[in-house]
Amino acid sequence: MRAYPIALLISAAAVLTACSSGEQKAAAPPPATKAPSSQPSSSAPAGKASDTCALLPSDDVSKAIKIPGITSKAGPAHDNPSNGGKATSCEYLVEGKTAGALAVTRYEGRKAKAADMIAAIKKAKPGAVDVPGFPDGAVFYTDEQKTATLAAAKLSNGVPVLVNYTGPVKMTKEMMTPLVHTAVAKA
């Protein structure tokens, strides 16, 4: 079930491409990264996949889906030169099978409003509904791949950031809301 993180990254990239202006330049390629430190800072933006896992503890996912023993591992990273998005992800596993994924996409060098990012998702995803309780906006939707996604946007130190949690379609927005709140607070 590796489709969750990949679909999530593609979805985030497609949504932000839809709302980008023609004058946007692609972000510079990221500098070469070294092995992640053993103690990522929770106040630093998620720049590496290992940092993304630090934004949402696997115990929180276990509580949300009521399944003990959830583990996490760094998921794929994806840079999108067309919109400047740099996404990192974390996969949450139950007995080796993907139970969900968190993705954080940062748009360094872009000027975008959180409300515009949310509006673009709502336009791209029929049936997407607003989720209250997020200061900069959030939406929940299900899609044809039988996945559910809750996406929240924010500006972090002036950088537009999109935080998505994607899981099986049986996950409700009520289950996902505390997960995304936790991740957004640290992103």
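## Gly167, a buried glycine

At 0% relative accessibility, Gly167 counts as buried. This glycine belongs to strand β8, which covers residues 159-168. Everything described here comes from a predicted model, so please read each value as computed from that model.

Try finding Glu91 from Gly167. The two residues are 76 residues apart along the chain, and their C-alpha atoms are separated by 10.0 Å.

## The chain as a whole

With one residue located, it helps to step back. How many helices and strands does the chain have? There are five helices and eight strands. Walking along the sequence, you meet them in the pattern α-α-α-β-β-β-β-α-β-β-β-β-α. In other words, three helices are followed by four strands, then a helix, four further strands and a closing helix.

The chain has 187 residues, and 47% of them count as buried. Contacts along the chain can also be sorted by sequence separation. Taking the contacts with a separation of 6 or more, 54% are between residues 24 or more positions apart.

## Two helices side by side

Now look for helix α3, residues 58-65, and helix α5, residues 173-186. Their axes come within 9 Å and cross at roughly 165°. Are the two helices roughly parallel or roughly antiparallel? An angle over 145° counts as roughly antiparallel, and α3 and α5 are therefore roughly antiparallel to each other. Their crossing is right-handed.

Which residues make the contact? From α3 come Asp60, Val61, Ala64 and Ile65, while α5 supplies Met175, Leu179 and Thr182. Sorted by class, this contact of α3 with α5 has five nonpolar residues, one polar residue and one charged residue.

## Buried residues in a helix and a strand

Helix α4 spans residues 114-124, and Ile121 is part of it. Is Ile121 buried or exposed? The relative accessible area of Ile121 is 2%, and buried means under 20%, so Ile121 is buried. From here you can look across to Ala152: the C-alpha atoms of Ile121 and Ala152 are separated by 10.0 Å, with their positions 31 residues apart along the chain.

Arg106 is another residue to visit, this time in strand β4, residues 97-106. The relative accessible area of Arg106 is 8%, so this arginine is buried as well. What joins the side chains of Arg106 and Glu108? The link is a polar contact of 3.1 Å.

## Two loop residues with positive phi

The last stops are in loops. Glu95 sits in the loop between β3, residues 85-94, and β4. Phi of Glu95 is near 50°, which is a positive value in a residue other than glycine. The relative accessibility of Glu95 is 79%, so Glu95 counts as exposed.

Where is Lys146? Look in the loop between β6, residues 138-142, and β7, residues 147-156. Phi of Lys146 is near 60°, again a positive value in a residue other than glycine. Exposed means over 50% relative accessible area, and Lys146, with 61%, is therefore exposed.

Conventions:
Residues numbered from 1 in each chain as written. Predicted model: local features only at pLDDT ≥ 70, side-chain atom pairs only at ≥ 80, totals over all residues. Heavy atoms only, no water. Axes fitted to C-alpha atoms, helices over the stretch in contact; angles between N-to-C directions. Parallel < 35°, antiparallel > 145°, perpendicular 65-115°, else oblique. Left-handed = near helix turned anticlockwise from the far one by under 90°. Contact = heavy atoms within 4.5 Å. Nonpolar A, V, L, I, M, F, W, Y, C, P; charged D, E, K, R; others polar. Buried < 20%, exposed > 50% of the residue type's maximum accessible area, 1.4 Å probe, protein only. Polar contact = N/O pair within 3.5 Å; in protein donor to acceptor, adjacent residues only side chain to side chain.
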